[in-house]
Amino acid sequence: KQFWKHINRPWSRKRIAEFAPTGYGLEIGCGTWTIAPASRTILSDAFASHAGNHSLARVFFDASNIPYPDRTFSFVLSEHVLEHVYDPITTLKEWKRILCHKGKVFLFLPHKERMFDKDRKLTELSDLKKRLIEDSMIIKNDILDDWMEKVINPNLAEHYKKIEPRKMLSDGTIHYNVWKPKQILDLLCEVGFKVLFEEDRVPDRPDSFLVIAQKNDQLA
């Protein structure tokens, strides 16, 4: 397991320990490093490598189709994952499915104003609902055009520059979503989570905001 001192992230680790002090969790999209409590977290990813970097994960699957039974985990952790997901509504419902009663979800996400998405339009809940019923390729093509115009062509994300544009729609590269905390609060409420904690600027990852929520149902 990799451990880099510059990503020790004490503040973020403390939030995880505070809101999920016990139980086993799943990290979705761990990438090349993790802040999860290693002894009680399964590290997963969709891809073995991303932008040339090899994932720490030992299990691989799509974030919206998780191969574990209902109510398996006490928490789900993801860092800079959900913005890459075309259909976050369906995906968060899947994450909710595998959480036990009062299970927690930790969402570290890029803040629109502090990322290369700063010139792009916010993704509202209404936009996500349209993706459930309207032609996905039309919507994806519009998002790709916007991504190329406002992020790739101005060289705001140079590490993605060499990837063929159409491939960005399927390889986990493109940011399908652009958010500030309010948009995530609306989304979590829609899919049945109760928000417990919000931080607009994560002290040890300042490009990000954090929302912690709890599965809000009556399941035992």
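These exercises work through the sheet, the core, the empty spaces and one helix residue of a predicted model.

**Exercise 1. The sheet**

Task: Give the strand order of the open sheet of seven strands, and state which strands lie at its edges.

Solution:
- Step 1. Strands of a sheet pair through backbone hydrogen bonds, either parallel or antiparallel.
- Step 2. Here the order reads β5-β2-β1-β6-β7-β9-β8. The pairing is mixed.
- Step 3. β5 and β8 (193–199) each pair on one side only. These two are the edge strands.

**Exercise 2. Strand β2 and its partners**

Task: Describe how β2 pairs with β1 and with β5, then decide whether β2 is enclosed or open.

Solution:
- Step 1. Take β1 first. Four bridges join β1 and β2, in the parallel sense. Within this pairing, Glu-27 has Leu-43 of β2 as its bridge partner.
- Step 2. Turn to β5, residues 59–60. β2 and β5 also run parallel, with two bridges between them.
- Step 3. Place the residues. Ser-44 has Val-59 of β5 as its bridge partner, and Asp-45 stands opposite Phe-60 in β5.
- Step 4. Check burial, with under 20% relative accessible area as the cut-off. In β2, residues 41–45, four of the five residues are buried, so the strand is largely enclosed by the rest of the structure.

**Exercise 3. The largest nonpolar core**

Task: Find which residues have the most contacts inside the largest nonpolar core, and which elements give two or more residues to it.

Solution:
- Step 1. In soluble globular proteins, nonpolar side chains tend to be buried together.
- Step 2. The largest core here has 29 residues. Leu-82, Trp-95, Ile-184, Leu-187 and Leu-188 have the most contacts inside it.
- Step 3. Strands β1 (25–28), β6 (73–79), β7 (99–110) and β9 (208–215) each give two or more residues. So do helices α2 (88–98), α3 (125–131) and α5 (181–191).
- Step 4. Follow Trp-95. Beyond its neighbours within four places in sequence, Trp-95 is in contact with Ile-28, Ala-63, Ile-66, Val-76, Ser-78, Leu-82, Val-105 and Leu-107.
- Step 5. Trp-95 is one of the buried residues of α2. The others are Pro-88, Ile-89, Thr-91, Leu-92, Glu-94, Lys-96 and Ile-98. Eight of the 11 residues of α2 are buried, so this helix is largely enclosed by the rest of the structure.

**Exercise 4. A pocket and a cavity**

Task: Characterise the second largest pocket and the largest cavity by volume and lining.

Solution:
- Step 1. Rolling a probe the size of a water molecule over the atoms shows where empty space is left.
- Step 2. The second largest pocket holds about 340 Å³. Its lining has 13 residues. Nearest its centre lie Lys-121, Asp-127, Arg-131, Ile-139 and Ile-143.
- Step 3. α3 and α4 (136–152) each supply at least two lining residues. α4 gives the most, with four.
- Step 4. Sort this lining by class: seven charged, five nonpolar and one polar.
- Step 5. Now the cavities. Two reach 30 Å³ or more, and the largest holds about 50 Å³.
- Step 6. The largest cavity is lined by Glu-83, Leu-109, Pro-110, His-111, Lys-112, Met-115, Asp-117, Asn-177, Val-178 and Trp-179. By class, five are nonpolar, three charged and two polar.

**Exercise 5. Asp-186**

Task: Locate Asp-186 and classify its exposure.

Solution:
- Step 1. Asp-186 is found in helix α5.
- Step 2. Its relative accessible area is 26%. Partly exposed lies between 20% and 50%, so Asp-186 is partly exposed.
- Step 3. Leu-107 is 79 residues from Asp-186 along the chain. Their C-alpha atoms are separated by 14 Å.

Notes
Residues are numbered from 1 along each chain as its sequence is written. This is a predicted model: local features need pLDDT of at least 70, side-chain atom pairs count only at pLDDT 80 or more; totals for chains, interfaces and linings use all residues. Side-chain values use heavy atoms; hydrogens and water are left out. A nonpolar core is a set of buried Ala, Val, Leu, Ile, Met, Phe, Trp, Tyr and Cys residues joined through side-chain atoms within 4.5 Å. Buried means under 20% relative accessible area, exposed over 50%, partly exposed in between (1.4 Å probe, protein chains only). Contact means heavy atoms within 4.5 Å. On a 1 Å grid over the protein atoms alone, a cavity is a set of points where a 1.4 Å probe fits but cannot get out, and a pocket is an open set with protein on both sides within 12 Å along at least five of seven lines; lining residues have an atom within 4 Å of a point. Grid points are joined across faces, edges and corners, and a volume is the space filled by probe spheres set on the points. Ala, Val, Leu, Ile, Met, Phe, Trp, Tyr, Cys and Pro count as nonpolar, Asp, Glu, Lys and Arg as charged, and the others, Gly among them, as polar. Two strands pair if DSSP finds at least two bridges between them.
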